[in-house]
Amino acid sequence: MKISNRVATINGENVTDDGWSVLYKARDMIDAGVQITNLSIGDHDTDTPAFILDEMDRAARAGNTRYAPIPGTDALRQAIADRVARTTDTPTTVENVFVTTGGQGALFAAMMAATDPGQKVVLIDPHYTTYPATVRAASCQIEIVKADPNNGFQPDAETLAQACKGASALLINTPNNPTGAVYSPDTLNHIREACVQNDLWLLSDEVYETQSHGPKIISPRALPDMAERTLALGSLSKSHIMTGFRLGWVVGPKDAITALTHLTNATTYGVAGFIQDAALKALTDGDSTERDTAALYTRRRNRALEALKGSNAVKISPPDGAMYVMLDIRSTGLSGRDFAHKLLEAHKIATMPGESFGQAAAGHIRIALTVDDDTLARALQTIAAYAQTLEDKT
Ligand code: PLP
């Protein structure tokens, strides 16, 4: 039987690599007993705090294992609304919040609610790996705006304005995965203008909203006239070390939230109640978890800059936020994908090819700061030395 064209081409026409091929190969090697330094996927090397696990266990044992309310429990929605109102200084109530299966569930739901088949969605490249497939899942067309590394990976205002003509939605991500860019007030004003002038939905992916290495993180939903056209996407994956809990949310206008309830009737039917209780606990008592997690990645980001100081073959663009660094390895003459595969073979270090995040990151690799500080420093020195040997050969 034939698989639908929508799903068969969800990664693009004739594309077999979904962007994660290095990770898949590394996992096979790990299964075969090879020791790998895994700097590929953005998952923590620290454990989910015990107080969150205890609450999940308590809630499940207390019987919260049956169907939960589809938009989320009132208590969790209220806690998310309070948090968003406080951190963005924008009025937000329970009716503006929908609980989803992780940030990816929020992305999918928001994309489905904001678009009709055939419409154009603007993505800023480099972008998170799953964005193109999420647009294709909604049967929409992708329009790419490349963000220049020489401009700190901030999108250019004029290019963005042109691309947004005739589109129905713009998807942005600040702090950005993979680049670590935190969008400046100027960039956000250009984004706002493009959305208002072209009557676009803004899908604002804010899953790294707690992880700044310095600059203030601004939610575009807080800008004038934007709350009515923004679907802001959040998650506890990165902030509270809860990647496997699959707990995220969409914040948006009330009628969009109602529509998401109808959509979710046909998809996940909501998030497990004991997971929602654990999430409520994380939001209520997790301030220090959030702070410590953010501080850990800032420390490792600084350690990475230090480890690569003086390398000629590898250039690092200092990230302003999130939990990654991008390395420019173009001096080796290799694509990011070829370099990442060779590095895995030669030194058992797994990274993400820049091309997994679009073409603007070609010739780069992304390092997740998810191993202890010394292992990270050693791995980066190995990468720099390996790049140097390749450069010497070109
Ligand atoms: N958005 C971005 C930018 C991400 O980096 C990720 C995960 O890495 C997600 C969304 C998905 O988040 P979650 O793991 O909560 O589904």
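Guide: A residue is called buried under 20% relative accessible area, exposed over 50%, and partly exposed in between. The model discussed here is predicted.

Visitor: Why is Y269 called partly exposed?
Guide: The relative accessibility of Y269 is 38%. Partly exposed covers the range between 20% and 50%, and therefore Y269 counts as partly exposed.

Visitor: What makes Y67 exposed?
Guide: Y67 has a relative accessibility of 76%. The cut-off for exposed is over 50%, so Y67 counts as exposed.

Visitor: Why does D57 count as partly exposed?
Guide: D57 belongs to helix 3, residues 50–61. Its relative accessibility is 37%, and the class in between runs from 20% to 50%, so D57 counts as partly exposed. In space, D57 and A147 are 44 Å apart from C-alpha to C-alpha, with their positions 90 residues apart in sequence.

Visitor: How many aromatic pairs are there?
Guide: The count comes to 4 aromatic pairs. One of them joins Y67 and Y269, with 5.5 Å centre to centre and 70° between the planes.

Visitor: Why is the pair of Y67 and Y269 called edge-to-face?
Guide: Ring centres must lie within 6.5 Å, and planes over 60 degrees apart count as edge-to-face. The values for Y67 and Y269 are 5.5 Å and 70°, so the pair meets both conditions and is edge-to-face.

Visitor: Why does this pair tie together parts of the chain that are 202 residues apart in sequence?
Guide: Y67 lies in the loop between helix 3 and helix 4 (74–88), while Y269 lies in the loop between helix 9 (254–265) and helix 10 (273–285). The pair therefore ties together parts with that separation of 202 residues.

Visitor: What makes the pair of F339 and Y386 tilted?
Guide: The centres of F339 and Y386 are 5.7 Å apart, and the planes form an angle of 50°. Stacked requires under 30 degrees and edge-to-face over 60, with the rest counted as tilted; the angle of 50° therefore gives tilted. F339 is in helix 12 (residues 336–347) and Y386 in helix 13 (residues 373–393), 47 residues apart. Both residues are buried.

Visitor: How do you know that the largest pocket lies between domain 1 and domain 2?
Guide: Domain 1 (5–47 + 288–393) and domain 2 (66–285) both give residues to its lining, so the largest pocket lies between them. This pocket has a volume of about 540 Å³. Its lining comprises 22 residues, with N11, D18, T129, P132 and S356 nearest the centre. Helix 6 gives the most, with 3 residues. By class, the lining holds 7 nonpolar, 9 polar and 6 charged residues.

Visitor: Which domains supply the lining of the second largest pocket?
Guide: Domain 1 and domain 2 each supply at least three residues. The volume of the second largest pocket is about 430 Å³. Among the 24 residues of its lining, G42, Y128, S237, K238 and R246 are closest to the centre.

Visitor: What makes strand 7 mostly covered?
Guide: In strand 7 (residues 230–235), 6 of its 6 residues are buried. T230, A232 and G234 are on one side, and L231, L233 and S235 on the other.

Visitor: How do you know that strand 7 pairs with strand 6?
Guide: Pairing needs at least two bridges; strand 6 (residues 201–205) and strand 7 have 4, in the parallel sense, so these strands pair. S204 has A232 as its bridge partner. Strand 8 (residues 247–251) is also joined to strand 7 by 4 bridges, running antiparallel, with L233 opposite V250.

Definitions and conventions
Residues are numbered from 1 along each chain as its sequence is written. This is a predicted model: local features need pLDDT of at least 70, side-chain atom pairs count only at pLDDT 80 or more; totals for chains, interfaces and linings use all residues. Side-chain values use heavy atoms; hydrogens and water are left out. On a 1 Å grid over the protein atoms alone, a cavity is a set of points where a 1.4 Å probe fits but cannot get out, and a pocket is an open set with protein on both sides within 12 Å along at least five of seven lines; lining residues have an atom within 4 Å of a point. Grid points are joined across faces, edges and corners, and a volume is the space filled by probe spheres set on the points. Helices (H or I, at least four residues) and strands (E, at least two) are DSSP runs, numbered from the N terminus. Ala, Val, Leu, Ile, Met, Phe, Trp, Tyr, Cys and Pro count as nonpolar, Asp, Glu, Lys and Arg as charged, and the others, Gly among them, as polar. Domain bounds come from an automatic or database domain assignment. Buried means under 20% relative accessible area, exposed over 50%, partly exposed in between (1.4 Å probe, protein chains only). Rings of Phe, Tyr and Trp (its six-membered ring) pair if their centres lie within 6.5 Å; planes under 30 degrees apart count as stacked, over 60 as edge-to-face and the rest as tilted.
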